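I opened this notebook to record, entry by entry, what I looked up in one structure. The notes go from single residues to ring pairs, then to a helix contact and the chain as a whole.

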Amino acid sequence: MTIDATVSASFPASPLLRPLRRLCDRLGLDVRFEEQAAGLVHFRHEARERPPDWDVIVLRTADWESDFEENADALAAGLAHGPHRPGDGTIVCLYPSPGSAARDAELAARIEPIDGTVLITPAETIGLYSVGDAACDTVDGQPVYGNELHTAFAASVARVLHARARPPVKAIAVDADYTLWDGACAETEPGGLRLGPGRAAFQELLLERRRQGVLLCLLSQNDRRDVLAAFAAHDFPLSPDDFVIIDAGWRPKPEMLAAAAAELGFALDAFVFIDDNPGECARMRAGLPAVHTLRFPQDDAAAGAFLRHAWMLDPPPAAAAGIDRTEHHRAEAGRRRAQALAGDPERFRAELDLRVELREATAGDVARIVQMSDRVTQFTTRPRRGTAASVAEAIAGADRACLVAEVSDRFGDYGLTGVLEYAIGPAALHVRTWMLSCRVLHREVEDRLLRELAGRAAAHGLDRLVFDVVRTDRNLPARSFLTAAGATWTEGDGHDARAELTVEAALSPRRPALRPAPEPASPASRNGSENKTGAGAFLADLAERLTDARSLHRALFTRDEDAGDDRTRTRTRTYGLWAALLKQAWEDALGIEDLWHHDDLFAVWGATSVDVLKVCAEIDRRCGILLTLGEVLALPTVARQAEALKDRAPSRVPVLTRLHGDGGVPLVFLPPAGGLGYGYLELVRGLGGRHGVLLAQAPELTGHGDRLLDLPSLVRVYRDEIARAAGSGRVMLAGWSFGAVLAYETAVAMGRDGGPVPALLLFDPPERRPAAPRDPGPEPDGAPEPALSRFFRLLDPWRTDAASLAALHGRIFPGRAPLDPAAGREKVWRELLDRLLDGAGEHQRNRLLIPELEPMDVLRGACVWKKNQSLADAYRPTPGFSGHGHVLRVASDSGREHVLDRVLAGRAETTFYPIRPVAGLRAHSAMMEPENVALFAPDVAALLDEVSAARR
């Protein structure tokens with residue numbers, strides 16, 4: 001079922017959402033996150049028909065420094081008196097900030113006791129996931145967080161969501177030797193077994209779960225007498241009486257567990273199995289993949305970390321309400337023996353002396369009803385987890401009635417095992433919730449409750465019962481019962497349905513043969529058991545090896561190595577313009593991250609025709625190019641769609657592409673040295689579409705002839721293209737690295753032509769270098785130079801004929817067979833390119849490969865890059881800029897002068913950001929990677945708003 005979660009934050013929360021979405025995907029959780037504007041940390045659900053299941057609030061008290069008391073009071077009031085929700089509550093992530101420990105503690109003291117609120121503090125998060133000292137840096141007095149801290153907080157949030165969304169753990173099956181104790185009971189005297197602190201803590205945890213209603217089973221390949229002797233010789237926290245089943249013998253443990261599941265009547269995914277032996281764990285995972293299998297550490301000292309990270313051992317969301325489930329199941333064993341002796345089912349039911357008491361629910365029943373909402377998954381019409389507040393509201397509601405059923409027989413008391421919530425309507429008795437514990441199924445309790453409902457309807461002059469039903473893959477027993485009773489079904493949206501039953505049919509004896517309830521047209525889960533198995537393996541990894549933030553972050557953001565060579569080769573950090581536009585549009589439409597070029601959007605990500613229409617509309621809005629629904633449905637990958645888009649475009653790569661509308665003062669991004677502006681797309685996305693954005697590409701890659709352009713020629717092309725696109729209106733110019741040089745020079749030229757540029761955005765302009773152009777020079781000393789690096793060092797962009805390329809090949813690969821210039825320029829280049837790519841690393845390949853361009857265009861792109869680097873080396877700025885500059889620089893370069901420092905003196909302000917290296921790229925080259933864009937995108941958006949407001 002889909003979980004709706006609203007995320008609001010006092011600072012941009014996107015870096016947290018990225019690992020959080022990955023975690024939910026790996027856990028098989030269908031969570032729909034709705035991100036609010038940064039700075040909003042209170043509830044704003046007035047316009048919603050249904051509040052979200054969860055509010056996730058991300059804040060740091062440093063953002064409230066001037067008005068802490070006011071904001072803290074407002075947040076506490078919102079949490080305590082927020083709108084009723086049918087789901088779960090609020091998760092508050094309290095991020096660290098320097099000097100805020102006292103405020104953090106004060107805020108925690110205010111909100112932690114509030115019912116329905118889960119507080120995640122920095123101390124517990126950093127400690128649990130061993131986040132390093134770089135968790136929080138400070139730049140210009142503002143906290144800046146590393147990816148590891150975001151991943152740690154994401155894991156803590158996902159853990160809460162998972163605990164409330166997964167099927168409840170009803171039983172924990174454990175091994176004995178080297179798991180419950182250290183040693184083998186068959187190989188040593190009972191008194192010789194040891195119980196270290198780690199295993200003692202494990203036994204204490206199991207004992208606590210038993211008190212909370214989880215059943216314990218002991219599965220041991222030992223003689224039963226040896227196992228019992230071990231308990232008798234020690235004062236362990238656990239005793240044999242704490243286990244509902246002790247199966248000691250020599251059968252395979254999957255057989256033991258399957259037998260325990262059959263005896264208890266539990267589904268396999270309600271079990272957690274824990275064993276120290278990796279072979280036993282592997283056999284259980286292979287034989288019963290639905291069982292949640294965890295390997296207990298053999299080193300007692302490692303047990304503490306295992307227990308802290310074993311999500312499947314977390315406390316159940318609801319307390320056990322004083323019920324001893326172990327005794328209940330022992331009584332159930334007596335009933336099964338009596339049933340076997342009776343033979344005839346009717347005789348057995350008569351001998352049970354079953355008693356059902358139906359009464360109005362009271363405040364004392366709230367805890368048990370909440371527990372049932374968490375545990376009952378089979379006979380329930382509307383599977384949902386209630387909170388104490390929502391159950392209390394249902395009990396006290398004047399417009400409804402809430403009944404509970406208490407059942408007993410001659411073997412003992414079942415306790416409170418049934419819940420009915422209904423309302424009397426004008427034409428029917430409307431049943432909103434019906435839950436019945438599996439312990440009393442098939443003993444005519446359901447029949448008695450149905451007749452009770454029918455009698456109450458008749459007493460009000462009604463002749464129909466209407467049941468709200470949500471279909472799941474587990475509540476077939478409830479749906480089948482209603483169908484067998486004569487209900488007719490009406491399908492609703494998604495998994496919603498309505499069952500309607502006449503009072504006459506409800507009062508009639510139910511026929512013994514059950515007809516299954518009709519299934520919805522679409523499968524209950526698109527991912528099915530495969531997702532559950534994958535989620536189970538990931539949960540085991542979380543407990544056993546992904547126990548620190550660094551390991552977890554790497555696991556989340558590394559693709560499966562088993563994907564195959566072809567798939568691995570298609571993964572590149574470089575996307576051409578059209579592929580990058582499509583990638584962003586699809587990620588936004590599907591709510592995913594890190595989409596690959598060759599992913600089948602429909603088979604892998606489940607895209608629908610509605611998603612296709614969204615993407616087509618977005619591409620039309622950005623580029624003015626219309627793809628049809630039929631075309632995209634026939635082209636399932638971004639790579640193939642990009643080819644179609646390229647064929648529709650006026651040129652393979654246009655000089656200027658409009659990405660957004662005309663809001664505010666238009667912003668034009670000039671390309672870096674490589675000549676393509678796709679690298680700005682992550683930043684453009686972060687600006688939110690409020691401003692017109694145009695993206696420029698190198699003219700040499702767009703059909704402007706074969707000549708490589710010098711700087712004055714480039715400036716003339718960009719000036720003319722911008723004038724055609726923007727008319728006489730003002731524009732802002734932006735550029736990264738060499739693009740900063742282009743932006744500045746173009747602004748000077750436009751000012752001379754009467755169109756002054758009000759502002760420049762310059763991202764890490766090139767460093768000031770000696771005036772002399774670069775000389776390829778001799779081979780560097782030391783380690784062998786990679787072939788691609790040697791290629792760029794030796795490439796002469798003005799000499800790329802066949803003979804020059806063949807000579808270049810000889811210098812790069814002196815031991816390889818020479819290339820024949822007579823074969824022609826294109827063939828020589830193709831062979832050289834293939835050899836350059838052999839054995840190259842990913843980030844090296846990305847320096848050369850440009851998707852959507854043919855091999856000869858790749859050569860052209862390499863020449864453009866080398867030529868522009870030469871222009872940057874020889875650059876001296878032209879005076880004359882009359883606007884204002886905003887320079888965004890890499891913090892590690894703070895002591896170095898850039899090429900525009902002097903000419904902008906007094907006309908620019910500089911801000912430094914802790915830009916980090918990414919995937920083999922140094923910090924400067926990684927500035928436009930998503931992880932780094934998140935650091936400065938909010939400041940850029942604010943600046944654009946400021947400039948636009950001043951120009952109105």
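Entry 1, T433. I began with T433, which is buried because its relative accessible area is 7%, and I noted that I was reading a predicted model. The place of T433 is in strand β16. When I set aside the neighbours within four places in sequence, I found T433 in contact with T381, R384, V419, L420 and E421.

Entry 2, L416. I next looked up L416, which I located in strand β15, covering residues 412–424. Is L416 buried or exposed? With a relative accessibility of 7%, L416 counts as buried, since the cut-off for that class is under 20%. Leaving aside its neighbours within four places in sequence, I listed R359, D365, R368, M372, V404, A405 and E406 as the residues in contact with L416. I also checked one C-alpha separation: L416 and E357 are 59 residues apart along the chain, and their C-alpha atoms are separated by 9.4 Å.

Entry 3, aromatic pairs. How many aromatic pairs does the count come to? I obtained 21 aromatic pairs. One pair I examined joins W434 and F481, with 5.8 Å from centre to centre and 85° between the planes, an edge-to-face arrangement. This pair links distant parts of the chain, for W434 lies in strand β16 (residues 429–436) and F481 in helix α16 (residues 476–484), 47 residues apart. Both W434 and F481 are buried.

I then turned to F669 and Y680, whose ring centres are 4.7 Å apart and whose planes stand at 35°, so I entered the pair as tilted; the angle falls neither under 30 degrees, as stacking would need, nor over 60, as edge-to-face would need. This pair also links distant parts of the chain: F669 is in strand β21 (residues 667–670), Y680 is in the loop between β21 and α25 (681–686), and the two are 11 residues apart. I recorded F669 as buried because its relative accessibility is 0%, and Y680 is likewise buried, with a relative accessible area of 0%.

Entry 4, further ring contacts. I found that ring pairs link W181, F231, F236 and F243 into a cluster. I also looked for charges over rings: the charged end of R471 sits over the ring of W489, 5.0 Å from the ring centre, and the charged end of R816 sits over the ring of F813, 5.6 Å from its centre.

Entry 5, α13 and α14. Two packed helices are described by the angle between their axes and by the distance between those axes, so I looked up both values. The axes of helix α13 (residues 366–375) and helix α14 (residues 388–396) come within 9 Å and cross at roughly 115°, and α13 passes α14 in a right-handed crossing. Which residues of α13 and α14 meet? I read V366, I369 and V370 on the α13 side, and A388, V391, A392 and I395 on the α14 side. The residues of this contact divide into seven nonpolar, no polar and no charged.

Entry 6, the whole protein. I closed with the totals: the protein has 33 helices and 26 strands, and of its 952 residues 54% count as buried. Among contacts in the protein with a separation of 6 or more, residues 24 or more positions apart account for 73%.

Technical notes:
Residues numbered from 1 in each chain as written. Predicted model: local features only at pLDDT ≥ 70, side-chain atom pairs only at ≥ 80, totals over all residues. Heavy atoms only, no water. Phe/Tyr/Trp six-rings, centres within 6.5 Å; stacked < 30°, edge-to-face > 60°. Helix = DSSP H or I, 4+ residues; strand = E, 2+ residues; numbered from the N terminus. Buried < 20%, exposed > 50% of the residue type's maximum accessible area, 1.4 Å probe, protein only. Lys NZ or Arg CZ within 6 Å of the ring centre and 35° of its normal. Axes fitted to C-alpha atoms, helices over the stretch in contact; angles between N-to-C directions. Left-handed = near helix turned anticlockwise from the far one by under 90°. Contact = heavy atoms within 4.5 Å. Nonpolar A, V, L, I, M, F, W, Y, C, P; charged D, E, K, R; others polar.
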